[in-house]
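Student: I would like to learn how to read helix packing and strand pairing from a model. Can we take one case and go through it?

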Amino acid sequence: MYILKRGIKKNPEKRWALPDRIFFGHGACALLAGTFLRLPPLPGFHAERIIPAEDFAGGHAYVTDGVIVFDYHGYSLRERLLAHHAKGWSKRYPGWSCSIETVDFDLLDTAELNSRKMLGPDQYLHDAIPRAQAFIDKVDHAVASARARALLTASPC
């Protein structure tokens, strides 16, 4: 799990200068998910959120078809993403727990995001939606999603 240095998220220039995976993994995940759903490269996906228990950090948004997910890591199995996320935050914060919620609001709407303590696309140094779309466009979605789905039947040895 990558940990940001103190102050980066509060400094618009430093935050914008982060590599894409770190940028979308530390605060802009909702915008990546919302952009994915605006012009979905694959059918059948919806957004979910990891909501930490009260007083804990570690929220995350991603898109899923119920089996595989897409987020800043690319495609992976949903259960693996959830286990990885919980393991990382639990290590850092003993007692960390969360709930999973289906997103029922527009992930690109600033007011909706702000009401859930997330930044909207117009609250970054530059417009984050084109950056998210460029990140999404770099992926061969058919190949990457098939690779993730193949992990369901892969032998653990």
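Student: Which residues in helix 3 meet which residues in helix 6?

Tutor: This is a predicted model. From helix 3, L31, L32, T35, F36 and R38 take part. They meet A128, I129, A132, Q133, F135 and I136 of helix 6. By type, the residues of this contact are 8 nonpolar, 2 polar and 1 charged.

Student: How is the geometry of two packed helices described?

Tutor: The description uses the angle between the axes and the distance between them. Here the axes of helix 3 (residues 29-38) and helix 6 (residues 128-137) come within 9 Å and cross at roughly 70 degrees. Angles of 65 to 115 degrees count as roughly perpendicular, so helix 3 and helix 6 are roughly perpendicular to each other. Their crossing is right-handed.

Student: What should I look at in strand 1?

Tutor: In a regular strand, side chains alternate between the two faces of the sheet. Strand 1 covers residues 46-52, and 5 of its 7 residues are buried, so the rest of the structure largely encloses it. Strand 1 runs antiparallel to strand 2 (residues 60-64), with 5 bridges joining them. Strand 1 also pairs with strand 5 (residues 98-102) in the antiparallel sense, over 5 bridges.

Student: Which residues stand opposite each other in strand 1 and strand 2, for example I50?

Tutor: I50 stands opposite H60 in strand 2. Towards strand 5, E48 has T102 as its bridge partner.

Student: Is H85 buried or exposed?

Tutor: H85, in helix 4 (residues 78-92), has 11% relative accessibility and therefore counts as buried. Leaving out residues up to four places away in sequence, H85 touches I50, G58, G59, H60 and W96.

Conventions: Residues numbered from 1 in each chain as written. Predicted model: local features only at pLDDT ≥ 70, side-chain atom pairs only at ≥ 80, totals over all residues. Heavy atoms only, no water. Axes fitted to C-alpha atoms, helices over the stretch in contact; angles between N-to-C directions. Helix = DSSP H or I, 4+ residues; strand = E, 2+ residues; numbered from the N terminus. Parallel < 35°, antiparallel > 145°, perpendicular 65-115°, else oblique. Left-handed = near helix turned anticlockwise from the far one by under 90°. Contact = heavy atoms within 4.5 Å. Nonpolar A, V, L, I, M, F, W, Y, C, P; charged D, E, K, R; others polar. Buried < 20%, exposed > 50% of the residue type's maximum accessible area, 1.4 Å probe, protein only. Pairing = 2+ DSSP bridges.
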